[in-house]
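Reader: I'm new to reading protein structures. Could you walk me through one, step by step?

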Amino acid sequence: HVTIADDIPAAQADSVQIQQVLLNLLLNARDATEAQSERTPAIHVDAACENGIVIVAVSDNGIGISSPNPDSIFEPYFTTREKGTGLGLAISRTIIETHGGKITAENVSAHETRITFTLPVSLVRP
């Protein structure tokens, strides 16, 4: 499910790098939803703009983040997958922070995990 607000201005970012972040988040969400069999898999992407900041959130109803500190998933080499490198989210954090944004993780509920990143609005009109 994708929900994108109509009034989102351009973000100040390298589109290829942001595509990499989104791809990583979507693949992780897919893996998390496939790792559970109790619920129909659901992945949501929401995008909005508030106070000059573009906010993008990827949520899923998968297995959740087992760490007591959800943001620890952004540390290099942190992985829960057998064949995972533990670099995807660390690289995603570097990309977002290099663009002046922030990325966070949270267990919203027992069956919802959300990764949210922000990017500043571009001062240059496309």
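Author: Sure, and let's begin with a term: a salt bridge is a side-chain nitrogen of Lys or Arg within 4 Å of a carboxyl oxygen of Asp or Glu. Keep in mind that this is a predicted model.

Reader: Okay, so what is the N to O distance between the side chains of Arg39 and Glu38?

Author: The cut-off for a salt bridge is 4 Å between nitrogen and oxygen. The side chains of Arg39 and Glu38 do meet in such a bridge, and their N to O distance is 3.2 Å.

Reader: Is Glu38 buried or exposed?

Author: A residue counts as exposed when its relative accessible area is over 50%. Glu38 has 66%, so Glu38 is exposed. Its partner Arg39 has 21%, so Arg39 falls in another class: partly exposed.

Reader: Which residue shares a salt bridge with Asp31?

Author: Here the N to O distance is 3.0 Å, and the side chain that meets Asp31 belongs to Arg30. Arg30 has a relative accessibility of 37%, so the label for Arg30 is partly exposed.

Reader: Which residues are linked in a network of salt bridges?

Author: Start with one pair: Arg114 and Glu106 meet at 3.3 Å, N to O. Arg114 is at 25% relative accessibility, so it counts as partly exposed, and Glu106 at 34% counts as partly exposed because it too lies between the limits of 20% and 50%. The full network is made of Glu106, Glu112 and Arg114.

Reader: How many salt bridges are there by this rule?

Author: Among them are the pair Asp31 and Arg30 and the pair Arg39 and Glu38. The count comes to four.

Reader: Now the strands. How many bridges join β3 to β5?

Author: Strand β3 covers residues 53-60, β5 covers residues 112-120, and the two run antiparallel. In this pairing, Ile55 stands opposite Thr118. The number of bridges joining β3 to β5 is eight.

Reader: And how many residues are in the hairpin that joins β4 to β5?

Author: β4, residues 103-109, pairs with β5 in the antiparallel sense over six bridges. Ser109 of the pair stands opposite Glu112 in β5. The hairpin joins β4 to β5 through two residues.

Reader: What do the buried residues of α2 pack against?

Author: Helix α2 spans residues 88-98, and its buried residues are Leu89, Ala90, Ser92, Ile95 and Ile96. Just after α2, Gly100 takes a positive phi of about 85°. The buried residues of α2 pack against α1, β4 and β5.

Reader: Which element gives the most to the largest nonpolar core?

Author: The core has 21 residues, and those touching the most other members are Leu25, Ile73, Phe74, Ile96, Ile115 and Phe117. Two or more residues come from each of α1, β2, β3, α2, β4 and β5. With four residues, the element that gives the most is α1.

Reader: Which residues is Ile115 in contact with, leaving aside its neighbours within four places in sequence?

Author: Contact here requires heavy atoms within 4.5 Å. On that basis, the partners of Ile115 are Leu25, Val56, Ala57, Val58, Ile73, Phe74, Ile103, Thr104 and Ala105.

Reader: Last one: which residues are closest to the centre of the second largest pocket?

Author: About 240 Å³ of space lies in this pocket. Of its 16 lining residues, the closest to the centre are Ala11, Ile18, Val54, Val56 and Leu119.

Methods:
Residues are numbered from 1 along each chain as its sequence is written. This is a predicted model: local features need pLDDT of at least 70, side-chain atom pairs count only at pLDDT 80 or more; totals for chains, interfaces and linings use all residues. Side-chain values use heavy atoms; hydrogens and water are left out. Two strands pair if DSSP finds at least two bridges between them. Buried means under 20% relative accessible area, exposed over 50%, partly exposed in between (1.4 Å probe, protein chains only). A nonpolar core is a set of buried Ala, Val, Leu, Ile, Met, Phe, Trp, Tyr and Cys residues joined through side-chain atoms within 4.5 Å. On a 1 Å grid over the protein atoms alone, a cavity is a set of points where a 1.4 Å probe fits but cannot get out, and a pocket is an open set with protein on both sides within 12 Å along at least five of seven lines; lining residues have an atom within 4 Å of a point. Grid points are joined across faces, edges and corners, and a volume is the space filled by probe spheres set on the points.
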